[in-house]
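Dear colleague,

I am passing on the structure we spoke about, and my notes on it follow below. Please read them with the model open beside you.

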Amino acid sequence: MADPIRAIIGEEMTRPVAAAVGAAAQAVRAPHQRAAVAVLFYGSCLRVPEADLGDNLLDFYVIVDDYGAAYDRKWLAVANRLLPPNAFYREAPWQGGTIRSKYVVISLADFERGCAAETRNVSIWARFAQPARIAWVRDAATTDRILTACSQAARTMFRNAWPLEPQSRDAATIWTRAFRETYAAELRPETAGRAQHIFDADRARYAQLTPLLIEMLTQPY
């Protein structure tokens, strides 16, 4: 039976990225290309016009299959394995200017664990319950695993947020509460209206997902 939540996430994540984003994705992949299996583009720059990307800092996840092969320096591989992810900054030339990016490196297995329902650390599932794009991927099998993980991230986010409201069916109420709580859990300073802004930017998307996620939580086993 087809999974409608995964179908929505899959259609969204496999949309083409702007050429500038593609160039930045190749730049962040380059230092880790022996091990890289995918580059994910996420964050507020998803909604920035391509002409304005040079004025912003793009966000990426570089997904690898082996930490040892991802680095030339062994201590970076050890650090990434013990406490993923490692974070970096990189620049890429683009049309006479510069595209700036910050990115993290994480294994596909650690990424999948970070999206799982039993994971208490909100860092990964809170980010990837929101829209993202696959900017580059090695193969179809990797795409399949990433789409499954990100659809699980949406489920994990909703499963944690829905009981707080108390089991409201209003998409805005549930998702803005989810964003507020996860920002607080990460001790990330955000303005009072940030959660509402994130929801409003993709209101139709969250409205589409909400009844499907409610059905998931309420259907009998």
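**Aromatic residues and a helix contact**

Phe-179 is buried, with a relative accessible area of 1%, and Trp-175 is likewise buried, its relative accessible area being 1%; please keep in mind that this is a predicted model. Both Trp-175 and Phe-179 belong to helix H8, where they are four residues apart, or about one turn of the helix.

The structure holds 14 aromatic pairs. In one of them, the ring centres of Trp-175 and Phe-179 lie 6.1 Å apart with the planes at 40 degrees, so this pair is tilted. For Phe-199 and Tyr-206, the centres are 5.7 Å apart and the planes are at 25 degrees, which is under the 30 degrees that bounds stacking, so that pair counts as stacked; Phe-199 and Tyr-206 are both buried. These four residues, together with Phe-158 and Trp-162, form one aromatic cluster.

Some of these residues also take part in a helix contact. Helix H8 (residues 171-185) packs with helix H10 (residues 203-218) at an angle of about 95 degrees, and their axes are 9 Å apart; H8 and H10 are therefore roughly perpendicular to each other. On the H8 side the contact is made by Ala-171, Ile-174, Trp-175 and Phe-179, and on the H10 side by Tyr-206, Ala-207, Thr-210 and Leu-213. Sorted by class, the contact of H8 with H10 comprises seven nonpolar residues, one polar residue and no charged residues.

Finally, the charged end of Arg-29 sits over the ring of Trp-136, at 4.1 Å from its centre.

With best wishes

Note on methods: Residues numbered from 1 in each chain as written. Predicted model: local features only at pLDDT ≥ 70, side-chain atom pairs only at ≥ 80, totals over all residues. Heavy atoms only, no water. Axes fitted to C-alpha atoms, helices over the stretch in contact; angles between N-to-C directions. Helix = DSSP H or I, 4+ residues; strand = E, 2+ residues; numbered from the N terminus. Parallel < 35°, antiparallel > 145°, perpendicular 65-115°, else oblique. Contact = heavy atoms within 4.5 Å. Nonpolar A, V, L, I, M, F, W, Y, C, P; charged D, E, K, R; others polar. Phe/Tyr/Trp six-rings, centres within 6.5 Å; stacked < 30°, edge-to-face > 60°. Buried < 20%, exposed > 50% of the residue type's maximum accessible area, 1.4 Å probe, protein only. Lys NZ or Arg CZ within 6 Å of the ring centre and 35° of its normal.
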